[in-house]
Amino acid sequence: MTGFAALLRLFLARDKWMILAWTAGITLLYWSQAISIEGVYQSQHEFDAAAALMEKNAAFIAMAGPPRALNTVGGQVTWQASAFGAVCAGLMSMFLIGRHTRAEEESGRDELLRSTALGRWAPQTAALVTALIANAVVALGVGGSLLGYGLPAQGSLASALQVGLTGAVFAGTALVAAQLTQSTRGMYGIAGAILAVAYVLRAIGDVGNGVLSWLSPIGWGQAMHAYSGDDFGPALLLAAAAVLAVVASYLLFERRDVGSGLFAARPGPARASAGLLRPWGLAWRLHRGSVLGWTIGLFLFGLAYGSIGDSAADLIGGSEVTKEILEVAGAALVDGFFANALLMLSLLACGFAISSALRPRSEEEAGRVEGLLATALPRGHWFAAHGVVTVIGVFVIAVGSALGMAAGYAGATGDWDRLGPFLAGSLSLCAGTLVWVGFARLLYALNARWAPWAWLGLGFSTVVMLFARPLRFPDWLSDLSPYTHLALVPAEEFAWRPVLVLLALVALLWWSAQAAFARRDVH
Amino acid sequence: MDDVIAISGLVKKFGSLRALDGLDLQVAQGEVHGFLGPNGAGKSTAIRVLLGLLRADAGSVRLLGGDPWKDAAELHRRLAYVPGDVNLWPNLTGGEVIDLLGRLRGGLDEQRRKELMERFELDPTKKGRSYSKGNRQKVALVAALSSHVDLLILDEPTSGLDPIKEATFQAAVDEFRSHGHSVLLSSHILAEVERLCDRVTIIRNGVAVESGSLADLRHLTRTSISVELAQSPTGLDRLDGVHDLVVEGQRAVFEVDTDRLDAAVGALHGFGIRSLTSQPPTLEELFLRHYGDDVAADRSAS
C-alpha cells in the first residue's frame, strides 16, 4: 500500500469540486422534498386524504418506492427522494471509481504512476476510499440538512445511512466492473446496468409482493424505512454487500494484468464498412452509442410518466406548489401534467444535445482532428457532420420519449390517441433544444475553451422551468429560455410561429458557428 | 521545377510567444527534405500551418502551388500526413481507420495497402485503444503510404517503430521518392535523416538556422585530423581555422574548419606526412552545433 496516502490526496484534490457538486445536488433532492411539502396542506386531515390517494398510485410507487407514512413530512421525503438519491449516489460512485481506475489504465497514466514506488493495491484502494469519503460527505449533507430542517434525528440518521451505504455498495460493484473490461465505456456500461437492474428489481418488487426488492441494494436502503420505523438491520446488509463487492474486486484484480480486463478485448472488422465511409459515417459512429442509450433511457422515462395516465389529477391533489408549476391556463390538469412531463424530457434530452454538440471539442482535445483535417475533408464538413448527427439525435430522442409516454399512457388506459399530441409537443420542443445546441457550437467554434459554458444554457432553462412561476420571474428573464416561447402541447394549442422563429435563430447560430470555425486555429 | 513547399518569412504567434519567427523553408519536387531542430523549435507548428490547421500571422506559404489555408481540402488530396503522436478512436479498428483516411484522401491503392500491412505486420482487427504507440504509427503510415499522393508530410513518424519496421519505412520512402514524389520529414533520428534526406533544414526558436544538402552543411563544420609526421610540427597553431590543437612529439591532433582543410594539409606537407586520418564531421556534431549552446556547454563540462 506504499503511496496510498499520496494518491488519496491527489484524487481528493482532483475531485473536490465534483464531490461537492454531487453532495449539493443530492442534499437538495432530499431537503427540497421537505421544503416543498411545507404549507401545501391546510390541515393534517387534508394531508391524510392526499396521502391515501398517493398510496394507491402504482406508477409512482414503481418510480419512487414503497409508500409509507405518506401523511408525514419525513415519510414523503423518503418516498420521493430515496430511490433517486440512491441512484445519484450510485452514479457518483461509479464515475469516481471509473475515473481513477479504468480510465487511468486506458490512458496509460496508471502505468506511469505504477512505475514509481507504489503498492500494487494502492491506486484502486485510493479510488475506493475517495468514493467512500464522497458517500460519507453526501450522507452528512442529507442527514444534516434533514435534521436541520427539524425532522426526527433517528430517521435523519437512517436517511443518511440509506443514501451513503447504497452509494458504497455501488462503489464496490463499479470496482468489480472496472476489473472486467479493457475500456472505460465498457466499464460504465456494466456498472450502469447493475444500477439500472437494481432500480428495476425494486420497482417490480415494490408494486408486487416485495420479494424482488430484497434482491436490490436500493431496495435494502428503502427497507430501512426512514421516518417510518427506522429499521437499521438492512444497513448491515448494505455494509456486508459493499465489503463483499470490494473483496471480490480485489480477488479479480489479482487475476488480471494491469491494463487489460478479465474479458479479453474482442477483435473488430479489418475493413471499414460502407456506412463508415459515407460523409457522416464517422460522426454517426462516434455519436451512435449515446443516441441509442439516451433514446432508450428517455423512452423508459416517458413510459413511466405516461403510465400515470389520467390519475395525474388525483396525484397532484391539493399540492399548491406542484399545481402552480404544472398549471397551464385554461387546460385540464392532466394535459398540464403531460405538457410539463414533455418539457422535462426535453430538458433531459438537452443534456444529450449539449454533450453531443461539444463532442468536436473532445475530439480536438484528444488530438484526433489533426489527422482528419490533413485529408481532403474540409474542416467545415467535419464540423457540420458532427452537428447534423447531433440534430438527428435530438429528433430521434424526442420521438423516443413521446413514443414512451404514449405507450405508457396506452398501457394504463388502453388508449393510443395521445400519441399524436405527444409527438407534436415533443418535436416542437426540439426547437428550444436546438437553440442551445447552436449556442454550444458557436462557443466551441469561437474558442474551444469557452465551450463548457454552453451548459449554462441548459441550467438556466431548467431553473426557468422549475422556478419561474413559483418565484415570479419577470417575463424578460423567462423569455431568455427558448422553451418559454414554445406551445406546451397538449395543454396548449400547437403553434408554428415560435417554432419557425426559433429555427431561424438556430440557422443563424449554425451559420455563425460554421463561419467562426472556418477562421480559427485547430490544434 | 517548382518547389512543392515554399515558405518565406513565416510568423506564427500564440499570444505573446512567437512560435515561428520568420521561418524560411523550401522543399523541391522529388526530394526528401529533413526538417530538424530541438524540441519546441517550431517544427510541428510549421507543419500545422502547412496543413491549414493554423493560420499564418505573416509571411508567405505555398504548398503544391496553392495556399494551404484557403485551398486546404483541395491540396490535401495530393498529400498525406503522419503525425508524431497518432491518436486513434478507441472503438474503431486499425483497418477501419486506414480505409477511412484513405477514402477521405480520395482513395487507396488496395494492392499497396495489403502489401504494407504485411510488411509492417499490422493487425487490422484490433481496436484503437489496444494499439501500442508503434502500432498506432503503423496505422497512420500504412494509410499515408498507400494513398495516391505527391507529397508526404511526416512528423517524427518512426519514433515508436522497432529497427526492422524502421527499415521497412525507409524502403517505403525510397520507393515513394523513386516515383518523383517529395517528402518533408521531421525527425530526431539522425541515422534516418542521413540515410533518407537529400537536403535538410535546421530550425531553432522558429527560424531556419541552416539549410542545404548534407554535403554542403558538412563544409560549414570542422574535420578532425590525426597525423603522424617525420618531424615535430611548429606553427600549426598560427594557421587559420585550426582548433583544439594537441602536439605530442611527432603526432598532432586537431580540428580544422572544413573550408580550410586544404591549407592545413598543405602546411603538414612541410613536416613530412607519415600517416593521416581525417574524419568528416558526424551528423551529430553538425546538429549539436545548431541545437543549442546548452548542449555544447554540457559537452565541454563532461
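**Exercise 1. At what angle do helix α4 (residues 73-100) of chain A and α8(A) pack, and how far apart are their axes?**

Work this one out on the predicted model shown above.

*Solution.*

Step 1. Begin with the geometry: α4(A) and α8(A) pack at about 30°, and their axes are 8 Å apart.

Step 2. Next, classify the angle. Angles under 35 degrees count as roughly parallel, and that makes α4(A) roughly parallel to α8(A).

Step 3. Now the hand: α4(A) passes α8(A) in a right-handed crossing.

Step 4. Then look at who makes the contact. On the α4(A) side the residues include Gly74(A), Ser82(A), Gly85(A), Ala86(A), Ala89(A) and Gly90(A). The α8(A) side includes Gly155(A), Ser159(A), Gly167(A), Phe170(A), Ala171(A) and Ala174(A).

Step 5. Sort the contact by class: 11 residues are nonpolar, 12 are polar and none is charged. Remember while counting that Gly is among the polar residues here.

**Exercise 2. Describe how α8(A) packs against α11(A), and give the make-up of the contact.**

*Solution.*

Step 1. The helix α8 of chain A spans residues 153-180, and its axis comes within 8 Å of that of α11(A), crossing at roughly 15°.

Step 2. The two helices α8(A) and α11(A) are therefore roughly parallel to each other.

Step 3. The hand of the crossing between α8(A) and α11(A) is left.

Step 4. Among the contact residues of α8(A) are Leu161(A), Leu165(A), Val169(A), Gly172(A) and Val176(A). From α11(A) come, among others, Leu238(A), Ala242(A), Ala245(A), Ser249(A) and Leu252(A).

Step 5. By class, this contact of α8(A) with α11(A) has 16 nonpolar residues, 5 polar and no charged.

**Exercise 3. In what order do the strands of the open 6-stranded sheet of chain B stand, and which of them are the edge strands?**

*Solution.*

Step 1. Reading across the sheet gives β5-β6-β7-β3-β8-β9, with mixed pairing.

Step 2. The edges are β5 (79-82) and β9 (207-213) of chain B, each of which pairs on one side only.

Step 3. From one strand to the next, the twist averages 15°.

Step 4. Check some of the pairs. Strands β5(B) and β6(B) are parallel and share 4 bridges, with Leu79(B) partnered by Leu151(B) of β6(B). Strands β6(B) and β7(B) also run parallel, joined by 5 bridges, and Ile153(B) stands opposite Leu184(B) in β7(B). Strand β3(B) (residues 32-36) is linked to β8(B) (residues 199-204) by 4 bridges in the parallel sense, and here Leu36(B) faces Ile202(B).

Step 5. Add the helix: α1 of chain B (residues 43-50) packs on the sheet and touches β3, β6 (151-155), β7 (182-186) and β8 of chain B. The direction of α1 makes about 150° with that of β6(B).

**Exercise 4. Why is β6(B) described as largely enclosed by the rest of the structure?**

*Solution.*

Step 1. Count burial: 5 of the 5 residues of β6(B) are buried, so the strand is largely enclosed by the rest of the structure.

Step 2. Recall the usual pattern. In a regular strand, side chains alternate between the two faces of the sheet.

Step 3. Assign the sides: Leu151(B), Ile153(B) and Asp155(B) point one way, while Leu152(B) and Leu154(B) point the other way, and all are buried.

**Exercise 5. Find the positive phi angles at Asp230(A) and Glu121(B), and the cis peptide bond before Pro490(A).**

*Solution.*

Step 1. Asp230(A) has a phi of about 45°, positive although the residue is not a glycine. Asp230(A) sits in the loop between α10 (217-222) and α11 (233-254) of chain A, and it counts as partly exposed because it has 18 C-beta neighbours inside 10 Å.

Step 2. Glu121(B) has a positive phi near 50°, and its place is the loop between α4 (110-119) and α5 (133-145) of chain B. With 12 C-beta neighbours inside 10 Å, Glu121(B) counts as exposed.

Step 3. The peptide bond joining Val489(A) and Pro490(A) is cis, with omega about 5°. Pro490(A) belongs to the loop between α22 (475-478) and α23 (496-519) of chain A.

**Exercise 6. How many residues of chain B are in contact with chain A, and which element gives the largest share?**

*Solution.*

Step 1. The count is 31 residues of chain B in contact with 29 residues of chain A.

Step 2. On the chain B side, two or more residues each come from α2 (72-76) and α3 (94-105). The largest share, 8 residues, comes from α3(B).

Step 3. By class, this side of chain B has 14 nonpolar, 7 polar and 10 charged residues.

Technical notes
Residues are numbered from 1 along each chain as its sequence is written. Chains are lettered from A and ligands numbered from 1 in the order in which they are written. This is a predicted model: local features need pLDDT of at least 70, side-chain atom pairs count only at pLDDT 80 or more; totals for chains, interfaces and linings use all residues. A residue is buried if 20 or more other C-beta atoms lie within 10 Å of its own, exposed if 12 or fewer, and partly exposed in between; C-beta atoms are placed from the backbone. Axes are lines fitted to C-alpha atoms, for helices over the stretch in contact, and angles run from 0 to 180 degrees between N-to-C directions. Angles under 35 degrees count as roughly parallel, over 145 as roughly antiparallel, 65 to 115 as roughly perpendicular and the rest as oblique. A crossing is left-handed if the near helix is turned anticlockwise from the far one by less than a right angle, and right-handed if clockwise. Two residues are in contact if their C-beta atoms, placed from the backbone, lie within 7 Å. Two strands pair if DSSP finds at least two bridges between them.
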